[in-house]
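This briefing introduces selected features of one protein structure to a reader who is new to the subject. Please keep the structure in view while reading.

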Amino acid sequence: MQVIIVGDKEEMGRRAAALIAEQMRRKPHFVLGLATGSTPLPLYQELVRLNKAGELDFSTTITFNLDEYVGLPPTHDQSYRRFMNVNLFDHININKAATHVPDGMAADPEAFCEAYEAMIDDVGGIDCQVLGIGSNGHIAFNEPGSSLASRTRVVGLTESTIKDNSRFFARMEDVPTRAISMGIGTILEAERIVMLAYGANKAEAVAKALEGPVTVSVPASALQMHDQVAWIVVADAATKLRLEWGR
Ligand code: GLP
């Protein structure tokens with residue numbers, strides 16, 4: 001695994017954008033896997049800047065997001081579809097019809113999950129998947145205990161994730177308790193993975209994922225089984241690492 005330790009989240013965003021841009025320029029109809037949360041925002045700001053500067057074209061890019069809350073319509077201000085529009089898609093020359101976010105309002109969520117996997121397969125799989133890590137080690141909404149071979153499915157969120165997410169909702173009762181999430185098996189099929197992390201609250205999860213055993217207790221530890229992962233970690237999230245990464 002490649003582990004790049006950087007000074008601040010702006011540098012994290014620039015390094016990640018440079019990695020992704022380099023891959024995108026080599027392959028038209030690039031299939032980019034995207035994540036939500038505060039972690040990828042510096043990356044999205046840099047991708048917008050590159051696009052506006054005429055240095056990166058999204059006109060033929062296809063995207064798939066990792067997850068969406070069950071029960072939130074795309075227009076809800078906390079839905080991940082809206083997050084993606086507001087923070088990335090509305091500011092770049094992407095064809096919105098080529099951007100995919102799981103449908104949290106699907107009448108038949110199980111059938112939707114199967115169809116989502118089929119759509120990814122139909123375009124030849126994900127070329128590069130962007131990830132963040134939850135403070136409990138989750139990736140997308142694959143909470144501890146998720147099978148490392150799991151596929152896109154409806155999942156229940158843990159108390160700790162509901163609590164982490166409650167800051168975005170007016171009342172605790174409003175925080176969704178279920179989501180549609182790509183599985184760990186789905187994520188591991190991406191050609192490349194770029195994992196981002198910043199903040200002291202992620203240090204424990206980062207250390208366990210990178211240096212601990214591969215275990216369902218830390219879903220992000222499954223990335224140890226993938227040979228094309230770049231971790232871009234801000235120093236404040238790297239304080240618990242013991243190995244000599246990136247030196
Ligand atoms: C949510 C998302 C994850 C994300 C995590 C961390 O749970 N489903 O994909 O990695 O939040 O969020 P943040 O980046 O805000 O710390």
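The points below concern helix packing, the surroundings of the ligand, and two backbone angles.

The structure is a predicted model. Helix α1 covers residues 9–26 and helix α2 covers residues 41–52, while helix α3 covers residues 80–87. The residues around the ligand include Ser38, Gly132 and Ala140.

**Packing of α1 and α2**

- The axes of α1 and α2 are 7 Å apart, and the two helices pack at an angle of about 55 degrees.
- This angle is neither under 35 degrees nor within 65 to 115 degrees, so the pair is classed as oblique.
- The crossing in which α1 passes α2 is right-handed.
- On the α1 side, the residues that meet α2 are Lys9, Met12, Gly13, Arg14, Ala16, Ala17, Ile20 and Ala21.
- On the α2 side, their partners are Pro42, Leu43, Glu46, Leu47 and Leu50.
- Sorted by class, this contact of α1 with α2 comprises nine nonpolar residues, one polar residue and three charged residues.

**Packing of α2 and α3**

- The axes of α2 and α3 cross at roughly 40 degrees and come within 10 Å.
- The helices α2 and α3 are therefore oblique to each other.
- Leu41, Tyr44 and Val48 of α2 form the contact with Phe83, Met84 and Asn87 of α3.
- In the contact of α2 with α3, five residues are nonpolar, one is polar and none is charged.

**Surroundings of the ligand**

- The ligand is surrounded by Gly37, Ser38, Thr39, Asp67, Tyr80, Gly132, Ile133, His138, Ala140, Phe141, Arg167 and Lys202.
- The side chain of Ser38 has an N or O atom 2.7 Å from an oxygen atom of the ligand.
- A polar backbone atom of Gly132 is 3.4 Å from an oxygen atom of the ligand.
- A nitrogen atom of the ligand lies 3.3 Å from a backbone N or O atom of Ala140.

**Positive phi angles**

- Ala140, whose backbone has this polar contact with the ligand, is not a glycine, yet its phi is positive, at about 50 degrees.
- Ala140 is placed in the loop between β6 (128–131) and β7 (153–156).
- His29, which is also a residue other than glycine, has a positive phi near 55 degrees.
- The loop that holds His29 runs between α1 and β2 (31–34).

Note on methods. Residues numbered from 1 in each chain as written. Predicted model: local features only at pLDDT ≥ 70, side-chain atom pairs only at ≥ 80, totals over all residues. Heavy atoms only, no water. Axes fitted to C-alpha atoms, helices over the stretch in contact; angles between N-to-C directions. Helix = DSSP H or I, 4+ residues; strand = E, 2+ residues; numbered from the N terminus. Parallel < 35°, antiparallel > 145°, perpendicular 65-115°, else oblique. Left-handed = near helix turned anticlockwise from the far one by under 90°. Contact = heavy atoms within 4.5 Å. Nonpolar A, V, L, I, M, F, W, Y, C, P; charged D, E, K, R; others polar. Near = heavy atom within 4 Å. Polar contact = N/O pair within 3.5 Å; in protein donor to acceptor, adjacent residues only side chain to side chain.
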